Amino acid sequence: MSKLLKRGLFVGRFQPFHLGHLSAVKAVLERVEELIIVVGSAEYSHSDKNPFTAGERIEMIRAALKEAKIDPARYMIVPIRDVHIHATWVPFIVSQIPRFDIVFTNEPLTSRLFKERGYRVERIQFFDRANYSATEIRKRILKGKNWESLVPKSIAGLIVSFKGIERIRELAMNDNPSHS
């Protein structure tokens, strides 16, 4: 086995964390000794695209990684707020987290911004992207369709305990009165 890189970075909103995210974390942990999981847009919650708080998202990620039997010594979860200025976003993140060797992302803007700052960036293989997306999960919750199979069991339970189903449906009605 080749030597693992010391520390990687994985940025996402995780609204909610799902099996695709879990697959990505597992794949990245095959490449690095330790992973920094940045919960982005940490200041946003209670909207149709960002229904969960940073604290709820951290709780979901921890529960999913525990359920997957991933050693907590191999990762850290850090909430980071948005700065809304692309030129200062990477330096802001870097100022808030420990050093890292590589960034893992499939998001084109994130990739471009880190590359422009000289960081090594690699893509993560998607895991059934058509189904495993937070947008798809939120849509299924709105329509009353099966969403639970797209998230780890522990997260399905947390979403229910957070009253996340009701929150997502109520927020969608507030954002779009035509929803019934």
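**Val-38 and the fold around it**

Q: Does Val-38 count as buried or exposed in this predicted model?
A: Happily, there is a clear number to work from: Val-38 has 1% relative accessibility. The cut-off for the buried class is under 20%. Because 1% falls under that limit, Val-38 counts as buried.

Q: In which strand is Val-38 found?
A: Let's place the residue along the chain. Residues 32-39 form a strand, and Val-38 is part of that run. The strand that holds Val-38 is E2.

Q: Leaving aside neighbours within four places in sequence, with which residues is Val-38 in contact?
A: Contact here requires heavy atoms within 4.5 Å. With neighbours within four places in sequence left aside, the list for Val-38 is Leu-9, Phe-10, Val-11, Gly-12, Phe-14, Val-78, Ile-80 and Ile-97.

Q: How many Å apart in space are Val-38 and Gln-96, C-alpha to C-alpha?
A: In sequence, 58 residues separate Val-38 and Gln-96. In space, their C-alpha to C-alpha distance is 10.0 Å.

Q: In what order do the elements of the protein chain run from the N terminus on?
A: A good start is the tally, which comes to seven helices and five strands. Read from the N terminus, the order is β-α-β-α-β-α-β-α-β-α-α-α.

Q: What is the radius of gyration of the protein chain?
A: For 180 residues the globule rule gives 16 Å, and the chain's own value is close to that, so the chain is as compact as a globular protein of that length. The radius of gyration is 16 Å.

Terms used: Residues are numbered from 1 along each chain as its sequence is written. This is a predicted model: local features need pLDDT of at least 70, side-chain atom pairs count only at pLDDT 80 or more; totals for chains, interfaces and linings use all residues. Side-chain values use heavy atoms; hydrogens and water are left out. Helices (H or I, at least four residues) and strands (E, at least two) are DSSP runs, numbered from the N terminus. The radius of gyration is taken over C-alpha atoms; the globule rule is 2.2 Å times the number of residues to the power 0.38. Buried means under 20% relative accessible area, exposed over 50%, partly exposed in between (1.4 Å probe, protein chains only).
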